[in-house]
Amino acid sequence: MARLTKKQKEAQAKIDRNKLYSVDEASALVKEITTVKFDASIDLAVRLGVDPRKANQMVRGVVTLPHGTGKDVKVLALVTPDKEAEAKEAGADFVGLDEYLDKIKGGWTDVDVIITMPSVMGKLGPLGRVLGPRGLMPNPKTGTVTMDVAKAVSDVKAGKIDFKVDKTGIVHAAIGKSSFSADKIAGNAKELLDTLMKLKPASAKGVYMKSVYMSSTMSPSVQLDPKAV
């Protein structure tokens, strides 16, 4: 078993493993125990009482974090020429169509989000093997396939993220950076948790939100009180 460093031991010592923290308490504590020299990502891991194998218990959605993600999200807008100007004005980093489809076929995926139009989805189908595993395939359910390209680009740039429960019933999401104030981290966390509660499937029985953990890159995790959420 790997030995803990002095800083890791100090961080562990600040966490009461017998306590379930409120969102505000956890946000302040995670900031305090984050000691890396870079701007670490703050993450939430939420275990839900659902069976993702059943279609009527799949939890998937989008949320716009009120304080953004702290990340410079690179957006590719795959649009027809008549939509290029509005995509550029909204802040898309890359705008075009056929030339970028060719680049993706060649293995280029240096973007965080792809936004496109319904009429273009047919051309993206053959690229599913490249885009799917990287989570880049546009989807109408997450607002990345739309005729309102400008709004979609603006929303993503402003802090809109999409999330999906994995096969073990856990939703993982980055909700900010360690440079954020504790209030901003808490605000983003509450927005995601509120959204998850609203998406509870009617077919899900028993306890819905089983456990919630907050952590930063390389920090120990802090357990939140699901009932308080």
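**Figure 1. Overview of the predicted model, whose secondary structure comes to eight helices and nine strands.** The structure shown here is a predicted model rather than an experimental one. Along its principal axes the C-alpha trace spans about 55 × 45 × 35 Å, and of the 229 residues in the protein, 45% are buried. When contacts between residues at least 6 apart in sequence are considered, 71% of them join residues at least 24 apart.

**Figure 2. The largest nonpolar core, a set of 36 residues in which Leu48, Leu196 and Met214 have the most contacts.** Several elements each supply at least two residues of this core, namely helix H2 (23–33) and helix H8 (182–198) together with strands S1 (41–48), S6 (160–164), S7 (170–177), S8 (209–216) and S9 (222–224). Helix H8 gives the most to this core, with six residues. Apart from this core lies another, of 29 residues, which includes Leu78, Trp108, Ile114 and Val153. In soluble globular proteins, nonpolar side chains tend to be buried together.

**Figure 3. Close-up of Leu48, one of the residues with the most contacts inside the largest nonpolar core.** Once residues up to four places away in sequence are set aside, Leu48 touches Val59, Gly169, Val171, Leu196, Tyr208, Met209 and Lys210. Among these partners, Leu196 is itself named with Leu48 and Met214 as having the most contacts inside the core.

**Figure 4. Helices H2 and H8, whose axes come within 8 Å and cross at roughly 130°.** That angle makes H2 oblique to H8, and H2 passes H8 in a right-handed crossing. On the H2 side the residues that meet the partner helix are Val23, Asp24, Ser27, Ala28 and Lys31, while on the H8 side they are Ala182, Ile185, Ala186, Ala189, Lys190 and Leu193.

**Figure 5. Close-up of Ala186, a residue of helix H8.** Ala186 is counted as buried because its relative accessible area is 1%, where the cut-off for a buried residue is under 20%. Leaving aside its neighbours within four places in sequence, Ala186 is in contact with Val23, Asp24 and Ser27. Although Ala186 and Ser27 are 159 residues apart in sequence, their C-alpha atoms are 5.6 Å apart in space.

**Figure 6. Helix H3 (residues 81–89) and helix H7, with axes that come within 8 Å and cross at roughly 30°.** That angle makes H3 roughly parallel to H7, and the crossing of the two helices is right-handed. The contact is made by Lys83, Glu86 and Ala87 of H3 and by Val149, Ala150 and Val153 of H7. Of these, Val153 is also among the residues of the 29-residue core.

**Figure 7. Close-up of Thr116, which lies in strand S5 (residues 113–116).** Thr116 is buried, with a relative accessible area of 0%. Not counting residues up to four places away in sequence, Thr116 touches Leu78, Met121, Leu124, Pro138, Thr144, Val145 and Thr146. One of these partners, Leu78, is also named among the residues of the 29-residue core.

**Figure 8. Close-up of Thr146, placed in the loop between helix H6 (128–131) and helix H7 (149–158).** The side chain of Thr146 reaches the backbone nitrogen of Asp148 at 3.0 Å. Beyond its neighbours within four places in sequence, Thr146 is in contact with Thr116, Met117, Pro118 and Ala152, and Thr116, the residue of the preceding view, lies in strand S5.

**Figure 9. Close-up of Met218, in the loop between strands S8 and S9.** Phi of Met218 is near 70°, a positive value in a residue other than glycine. Met218 is counted as exposed because its relative accessible area is 64%, where the cut-off for an exposed residue is over 50%.

**Figure 10. Close-up of Lys227, which lies in the segment after strand S9.** At 81% relative accessibility, Lys227 counts as exposed. Lys227 and Lys210 are 17 residues apart in sequence, and the distance between them in space, taken from C-alpha to C-alpha, is 9.0 Å. Lys210 is also one of the residues touched by Leu48.

Note on methods
Residues numbered from 1 in each chain as written. Predicted model: local features only at pLDDT ≥ 70, side-chain atom pairs only at ≥ 80, totals over all residues. Heavy atoms only, no water. Core = buried A, V, L, I, M, F, W, Y, C linked by side-chain atoms within 4.5 Å. Buried < 20%, exposed > 50% of the residue type's maximum accessible area, 1.4 Å probe, protein only. Helix = DSSP H or I, 4+ residues; strand = E, 2+ residues; numbered from the N terminus. Contact = heavy atoms within 4.5 Å. Polar contact = N/O pair within 3.5 Å; in protein donor to acceptor, adjacent residues only side chain to side chain. Axes fitted to C-alpha atoms, helices over the stretch in contact; angles between N-to-C directions. Parallel < 35°, antiparallel > 145°, perpendicular 65-115°, else oblique. Left-handed = near helix turned anticlockwise from the far one by under 90°.
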